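Me: Here is a model I would like to go through term by term. I will ask what each label rests on.

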Amino acid sequence: MKNLLILETTCDETAAAVVTDGLEVLASVVASQEHLHERFGGVVPEIASRAHMERILPVIDEALKRARLRVDQLDAVAVANTPGLAGSLLVGLAAAKALCLARGLPLIAVNHLQAHIYACRLAAGQEVFPCLGLIVSGGHTSLYRCATPLDFELLGGTIDDAAGEAFDKVASLLGLPFPGGPSIERAAKRGNPRAHALPRPLVDSDRLDFSFSGLKTAVRYRLAPPGAVAMTGPVDEQTVADLAASFQEAVVDCLVAKALLAAERTGLCVLCVGGGVAANSRLRGRLAEETKRRGIALYIPPLALCTDNAVMGAIAVERLKAGLTEPLDLDVYPGLVRDAKK
Ligand code: KG4
Ligand code: ZN
């Protein structure tokens, strides 16, 4: 049996996990930075990378302690090196390289988006490939054809904002706390999703793409007319709830429509959903309904595996088994790698 240490520092969670090559999770630690970014209404890259530097070693120590392992009992180190915030990625990569150099261990590169899909494999406890992958996170909204855990093909994605980013920005417009996704979901429970007829961008086009920036602007115009520099005043609670519900419904409509279109196009009848927005109960409910009707098997991980964590980086086990290890001059790739096989 081999023990892998997996590191995740792509955005604002510092996370480490210890997983065996039989996919047994021995430890998982996630140190969130949410409170550091709250007052800015979004993740501030420089604050995130500094916080990763402070936390990475204690988080690794804690993961090893929980797994009851010493560093010399590790067999490989994996780290998410794409996509993400450059400064944040570098902290995880530097820590991983240091461990590999010191202990002579193989280094494995993890693609954070592929890891979000692999969370479905872990949660299912059985094979889910080949499948269609829908990633809905703070930084990405993408559809993948996932032939195997080592072969992902990008089918489409957002042409502007990611779904999670739109949730965060709309929450901020509505005066709701960061992170916006859970705040909007809570407010939406008291609102009417049909109160405001908001647009469903690209939903009628045959492109497998998303666009959320116009939807965000549409919410802003409900609060203050175009051209007004500031909001017209405090917004009452019911308007906030109605706008939250209407916005959430519009995003969910777009995500569901494109996931179904991709299933139809590819003929794949397994849908795996990952990323923070997959924690949204309205999205989970609508996807469950629509996939059931079409005989598509749906996998959405439990909440703790939807938001950023290191356990999902167990996709590294597949790479290790295929002999896909990296040299110690491995770099970070902050942007989305179009050919995700690399
Ligand atoms: O995957 P993730 O943890 O980090 C990234 O890789 O980006 O996703 C974070 C995003 C944030 O934008 C957050 O607002 C959103 O996921 N999110 C949600 C919910 N929980 C988190 N969006 C909608 N509904 C939720 N319940
Ligand atoms: Zn993520």
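Reply: Start with how elements are named: helices are DSSP runs of H or I with at least four residues, numbered from the N terminus. On that numbering, P179 is found in the loop between α5 and α6. The model is a predicted one.

Me: What makes the peptide bond between F178 and P179 cis?
Reply: Its omega is about -5°, and the bond joining F178 and P179 is cis. The bond from F129 to P130 is also cis, with omega near 0°. P130 has its place in the loop between α4 and β6 (131–136).

Me: Which backbone angle of R68 deserves a remark?
Reply: R68 is not a glycine, yet its phi is positive, about 55°. R68 sits in the loop between α2 (45–67) and β4 (76–82).

Me: Why is the pair formed by D168 and ligand 1 called a polar contact?
Reply: The term requires a pair of N or O atoms within 3.5 Å. An N or O atom in the side chain of D168 is 2.7 Å from an oxygen atom of ligand 1, so the pair qualifies.

Me: How do you know that H116 and G181 qualify as well?
Reply: For H116, a polar side-chain atom lies 3.3 Å from an oxygen atom of ligand 1, so it meets the 3.5 Å limit. For G181, a polar backbone atom is 3.0 Å from an oxygen atom of ligand 1, so it meets the limit too. Taken alone, ligand 1 exposes 560 Å², and the protein buries 89% of that.

Me: What kind of space does ligand 1 take?
Reply: The space taken by ligand 1 is the largest pocket. The word pocket applies because the set of grid points is open, whereas in a cavity a 1.4 Å probe cannot get out.

Me: Which residues come nearest to ligand 1?
Reply: There are 19 residues around ligand 1, and G138, D168, G181, E185 and G276 come nearest. By class, this shell has 4 nonpolar, 12 polar and 3 charged residues. Gly counts as polar, so G138, G181 and G276 belong to the polar class.

Me: Where in the fold does the shell come from?
Reply: At least two residues each are supplied by α4 (112–124), α5 (163–173) and α6 (180–188). The largest share, 4 residues, comes from α6. At the level of domains, the shell draws at least three residues from each of domain 1 (3–116 + 307–321) and domain 2 (127–304).

Technical notes. Residues are numbered from 1 along each chain as its sequence is written. Chains are lettered from A and ligands numbered from 1 in the order in which they are written. This is a predicted model: local features need pLDDT of at least 70, side-chain atom pairs count only at pLDDT 80 or more; totals for chains, interfaces and linings use all residues. Side-chain values use heavy atoms; hydrogens and water are left out. A residue is near a molecule or strand if one of its heavy atoms lies within 4 Å of it. A polar contact is a pair of N or O atoms within 3.5 Å; within protein, one must be able to donate a hydrogen and the other to accept it, and residues adjacent in sequence count only if both atoms are side-chain atoms. Accessible areas come from the Shrake-Rupley method with a 1.4 Å probe; for residues, only the protein chains shown count as cover. On a 1 Å grid over the protein atoms alone, a cavity is a set of points where a 1.4 Å probe fits but cannot get out, and a pocket is an open set with protein on both sides within 12 Å along at least five of seven lines; lining residues have an atom within 4 Å of a point. A molecule sits in a cavity or pocket if more than half of its atoms lie within 2 Å of its grid points. Domain bounds come from an automatic or database domain assignment.
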